[in-house]
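The following exercises are intended for a reader who has the sequence and the structure at hand. Please attempt each task before reading its solution.

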Amino acid sequence: MGSAAALLLLPLLAALPAEAPTSPILVSYSFDDGKTDTGPDTFSVFRNARGNVQLSNAFRASGYQSVEIRDVAGDGDFPELQGYFPERRDGWLVIHFSLLVIDPKEELNIALAGPGWFNLNENGISFWLSTRDGDLLHTTDSIPKRLLRLKPFTWYGIDADYDIVRGRYNLRIFEEGIEKPVVSLKDVPNAGSHPGSTVSMFSFIGDKGEDRSNVVYYVDDVVVATNRAIALPPFVAPGRRRFLADAQPASPERPKAPVAVRLERQGDQAFRERDLREARRLYEESLKTSEEKSALLLKLSDVAFLLGDLASEKALREKIFGSLDPR
Amino acid sequence: MGRWRHPRLFGMFLLALLAGSAALAAPAVRVAGLVARDDAAALREIGPPAAAEMIRLYLAGDTAQRTRIANLFYQLAWKSPEAANVLMRDVHTQDPGLRIAVQYALGRVSDNPKVVDSLLQTMMRDPNPVFRDKAACALTYDQVHLSEAEKVRIYAGLIQALASEEPQVRAIAIQSLHIYTGQTKGFHPIAPPEKRQQSIAQWKRWLAEYKESL
């Protein structure tokens, strides 16, 4: 599949690029407002080979959608969400996004880079997160260092304040359900230890071209700004994920709606009233005849989560996303 | 660092994959024919099982045949200890074409530390500057099966080479380190010795921190 074709895809974002010079916001992608502009001032989407980048309502840190990035090992290429903003040579950058990984053992790479492209040279990568063997790493002073053990199906909020002139950043990472940051680093050298390294783009990919990753991950609420004073999107309220019954309820009531849809709608209502056992019964009944099983399985996994049945939650999600167990 | 996308690279890998697409024939005969035609794309379609026949052809072949097969192993990048073993037999050959082809191919078929050690020795001690330079290239670009931990061996060797008496060795060592890390830490191969020593001390501290992070 050619990259030109890939550029035509994607219903994504809300970007606020250079036309608002007084705004501290360089980039803001919520993935919820249906704007579809790809291009040199916003972003490119590469859906090469069997990998994919697409909007998804399976998981979201806020709103009702996020972007799913799915790589396939051995398919000869890798998918990518690549975004652009006006080149910054000095001042501060505030970087924020939310990240959820299905299988942390699969490789992903996320980078903020400049005109030197995605390498560790000056004006190349300044901020680089990656995964290795289930850990989240950042590369600082050309050394990949472990930050934390990633949990599957868990939202992480990434906040970095980057001093471009000094080439150093502060990094905080929040985990869904935990109020205090699980990572808090101050004044660490940028990826290649290059003070003054300029930045103008960011990228979300699987592996770096080695074609060995089967990662599936979700990104939401991407913000790049010049001032911490801006109102960053609230990270998922600590301790509470957004549930599919809230974000994607069954279609509105219609006289001839299929039985499965009616049952799902009743299940949603029971879920909202936190009658979880009734919600589960209705969802399971709906599942027997529904043609849209994915949403029902995810809703059942939300029910299992709220009932504290994490084994069932995992099993239900694995019906859609595959097993996390060692292969 | 891998091949993070650049506009000039778009599609090249796919085009290479699409280049050869003949139907499979009897493996041994077919592999010999594909080797004779330098057809890496078609060999890739057969997959690593073709390596055994390629190794047999390598052992039976003359210098030109060995060079051709080493170049094919380089392109295919199949991890194969058996291929590494036979290639290592020619790692010190004085035939320039075969020597360089073997140096390049070794890292792409193996993660054996002996390969890294051999290339480091060639880079630092071979009397021929061309072989030294190509060994540095192989260490820099072709060690595709090494983990971050296994790369410590390369970094340590390159930092050791910064102290070489031979300016060209110092130059290719810092060039390789720069490609790996994006940094020189102020090292210049013809700077005064005390200045070089300061940079080497920085590189040693960096290596210690790198090891700690593993």
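Five exercises on this predicted model follow, each with a worked solution.

**Exercise 1. The two chains in outline**

Task: Determine how many helices and strands chain A has and how many chain B has.

Solution:
- Step 1. In chain A, six helices and 15 strands are assigned.
- Step 2. Chain B has 12 helices and zero strands; read along the sequence, its pattern is therefore α-α-α-α-α-α-α-α-α-α-α-α under the assignment of helices and strands as DSSP runs.
- Step 3. As to burial, 57% of the 327 residues in chain A are buried, while for chain B the figure is 48% of 214 residues.
- Step 4. Among contacts with a separation of 6 or more, residues 24 or more positions apart account for 65% in chain A and for 60% in chain B.
- Step 5. Chain A exposes about 13,400 Å², of which carbon and sulfur atoms supply 52%. Chain B exposes about 10,200 Å², with 56% supplied by carbon and sulfur atoms.

**Exercise 2. The surroundings of an arginine**

Task: Establish where A:Arg166 is found and which residues it touches.

Solution:
- Step 1. A:Arg166 belongs to the loop between β11 (155-163) and β12 (168-175) of chain A.
- Step 2. The relative accessibility of A:Arg166 is 41%, so this residue counts as partly exposed; that class lies between the cut-offs of 20% and 50%.
- Step 3. Leaving aside residues up to four places away in sequence, A:Arg166 touches A:Asp187 and A:Pro195.
- Step 4. The C-alpha atoms of A:Arg166 and A:Gly196 are separated by 6.1 Å, although the two residues are 30 residues apart along the chain.

**Exercise 3. The packing of helix α10 against helix α11**

Task: Describe how α10 (residues 151-161) and α11 (residues 167-181) of chain B cross, and state which residues make the contact.

Solution:
- Step 1. The axes of α10(B) and α11(B) come within 8 Å and cross at roughly 140°.
- Step 2. The crossing of α10(B) past α11(B) is left-handed.
- Step 3. From α10(B), the contact involves B:Lys151, B:Ile154, B:Tyr155, B:Leu158, B:Ile159 and B:Ala161. From α11(B), B:Val169, B:Arg170, B:Ala173, B:Ser176, B:Leu177 and B:Tyr180 take part.
- Step 4. Sorted by class, these are nine nonpolar, one polar and two charged residues.

**Exercise 4. Burial of two helices**

Task: Identify the buried residues of α10(B) and of α4(B), together with the elements that cover them.

Solution:
- Step 1. In α10(B), the buried residues are B:Lys151, B:Val152, B:Ile154, B:Tyr155, B:Gly157, B:Leu158, B:Ile159 and B:Ala161.
- Step 2. Because eight of its 11 residues are buried, α10(B) is largely enclosed by the rest of the structure.
- Step 3. The cover of these residues includes α8 (113-125), α9 (129-141), α11 and α12 (193-213) of chain B.
- Step 4. In α4(B) (residues 50-60), B:Ala50, B:Ala51, B:Glu53, B:Met54, B:Ile55, B:Leu57 and B:Tyr58 are buried.
- Step 5. Their cover includes α2 (27-36), α3 (40-46), α5 (63-76), α6 (81-88) and α7 (96-109) of chain B.

**Exercise 5. The nonpolar cores**

Task: Find which residues have the most contacts inside the largest nonpolar core.

Solution:
- Step 1. The largest nonpolar core has 61 residues, and B:Leu43, B:Met54, B:Phe73 and B:Met123 have the most contacts inside it.
- Step 2. Beyond residues up to four places away in sequence, B:Met123 touches several residues, including B:Leu139, B:Leu158, B:Ala161, B:Val169 and B:Ala173.
- Step 3. Another core, of 43 residues, lies apart from the largest one; among its members are A:Val27, A:Leu81, A:Phe97 and A:Leu150.

How values were computed
Residues numbered from 1 in each chain as written. Chains lettered and ligands numbered in written order. Predicted model: local features only at pLDDT ≥ 70, side-chain atom pairs only at ≥ 80, totals over all residues. Heavy atoms only, no water. Axes fitted to C-alpha atoms, helices over the stretch in contact; angles between N-to-C directions. Helix = DSSP H or I, 4+ residues; strand = E, 2+ residues; numbered from the N terminus. Left-handed = near helix turned anticlockwise from the far one by under 90°. Contact = heavy atoms within 4.5 Å. Nonpolar A, V, L, I, M, F, W, Y, C, P; charged D, E, K, R; others polar. Buried < 20%, exposed > 50% of the residue type's maximum accessible area, 1.4 Å probe, protein only. Core = buried A, V, L, I, M, F, W, Y, C linked by side-chain atoms within 4.5 Å. Areas by Shrake-Rupley, 256 points an atom, 1.4 Å probe, with all protein chains shown as cover.
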